[in-house]
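Q: Could you take a close look at how the strands are put together here? I'd like one connected walk through them, pair by pair.

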Amino acid sequence: MQARNHNFLDDVQQVFQRAAFIRELGIRLHDVYPGCCSAALRIRPDHLQHLGRVHGGVISSLAGHAALGAAMSAASAGEVLVAPEFTFQVLRPVREDRIFCQAEVVKAGAVLIFTEARVYDGNSADGKQVARGTFTFTRA
């Protein structure tokens with residue numbers, strides 16, 4: 001995929017740095033290139049829900065922000081994207097002390113940008129998949 005915004009790398013880095021909630025969770029940008037974005041998170045005790053498992057909201061936040069990073073390369077410079085719709089499935093509990101997300105643009109249309117995100121146990125996409133989601137972005 002060819003990027004519409006030639007400064008998307010800087011824009012994605014800023015969106016990760018400026019999002020207070022994402023910083024508070026500890027989500028870190030891993031890699032970004034046209035149509036793809038990956039991010040990672042080291043699991044902390046405050047990420048756990050009442051059963052001692054990683055909260056689904058933490059996992060989906062990682063996936064959503066990586067999906068946004070992927071979508072930003074398909075948007076024009078200066079466009080603000082929001083996700084009015086997403087679906088998310090947690091497939092199995094997180095077993096490792098880190099999770100990794102790889103997101104990619106499925107289709108970049110004139111109005112909507114469709115993305116998929118997969119979350120894995122561990123430091124890379126080589127781990128077991130623990131969750132997946134689809135995120136639809138539109139211009140704000």
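A: Here is a walk through the strands, with a bit of context on the whole chain before and after.

A quick word on the ground rules: this is a predicted model, where local features need pLDDT of at least 70 and side-chain atom pairs count only at pLDDT 80 or more, while totals for chains, interfaces and linings use all residues. Residues are numbered from 1 along each chain as its sequence is written, and side-chain values use heavy atoms, with hydrogens and water left out.

The protein chain has three helices and six strands (DSSP runs numbered from the N terminus, with helices being H or I of at least four residues and strands being E of at least two). In sequence order the pattern reads α-α-β-β-α-β-β-β-β.

Let's start with the pair that strand 1 and strand 2 make. Strand 1 covers residues 28-33, strand 2 covers residues 36-42, and five bridges join them in an antiparallel arrangement (two strands pair if DSSP finds at least two bridges between them). Arg28 has Ala40 in strand 2 as its bridge partner. The two strands form a hairpin with two residues between them, and Gly35 in the turn has a positive phi of about 85°. Gly35 also gives us a link back to the start of the chain: its C-alpha atom is separated by 7.7 Å from that of Gln2, although the two are 33 residues apart along the chain. Gln2 itself sits in the segment before helix 1 (8-18). With a relative accessible area of 68%, Gln2 is exposed (exposed means over 50% relative accessible area, buried under 20%, and partly exposed in between, using a 1.4 Å probe and protein chains only).

From strand 2 we move on to strand 4, residues 98-108. These two pair in the antiparallel sense over seven bridges, and Ser38 has Gln102 in strand 4 as its bridge partner. Gln102 is a handy residue to follow, as its bridge partner in strand 5 is Arg118. Strand 5 runs over residues 112-121 and pairs with strand 4 through nine bridges, again antiparallel. Strand 4 and strand 5 form a hairpin too, with three residues between them.

Strand 5 then pairs with strand 6, antiparallel and over nine bridges; here Val119 has Ala131 in strand 6 as its bridge partner. The loop between strand 5 and strand 6 (129-139) is where you'll find Asp126. At 74% relative accessibility, Asp126 counts as exposed. The C-alpha atoms of Asp126 and Val15 are 26 Å apart, with their positions 111 residues apart along the chain.

For a contrast with that loop residue, look at Thr115, which is found in strand 5. Its relative accessibility is 2%, so Thr115 counts as buried. Leaving aside neighbours within four places in sequence, Thr115 is in contact with Ala67, Ala71, Glu104, Val105, Val106, Gly133, Thr134, Phe135 and Phe137 (contact means heavy atoms within 4.5 Å).

Last comes strand 3, residues 81-90. Eight bridges join strand 3 to strand 6, and the two run antiparallel. Phe88 stands opposite Gly133 in strand 6. Pro84 belongs to strand 3 as well, and at 61% relative accessibility Pro84 counts as exposed. Not counting residues up to four places away in sequence, Pro84 touches Thr136, Phe137 and Thr138. The C-alpha atoms of Pro84 and Phe135 are separated by 8.4 Å, with the two residues 51 apart along the chain. As a general point for reading side chains off a sheet, they alternate between its two faces in a regular strand.

Now step back to the chain as a whole. Of the contacts with a separation of 6 or more, 63% are between residues 24 or more positions apart. Buried residues make up 44% of the 140 residues. A compact globule with 140 residues would have a radius of gyration near 14 Å, and the protein chain agrees with its 14 Å (taken over C-alpha atoms, the rule being 2.2 Å times the number of residues to the power 0.38). Along the principal axes, the C-alpha atoms fill a box of roughly 45 × 25 × 25 Å.
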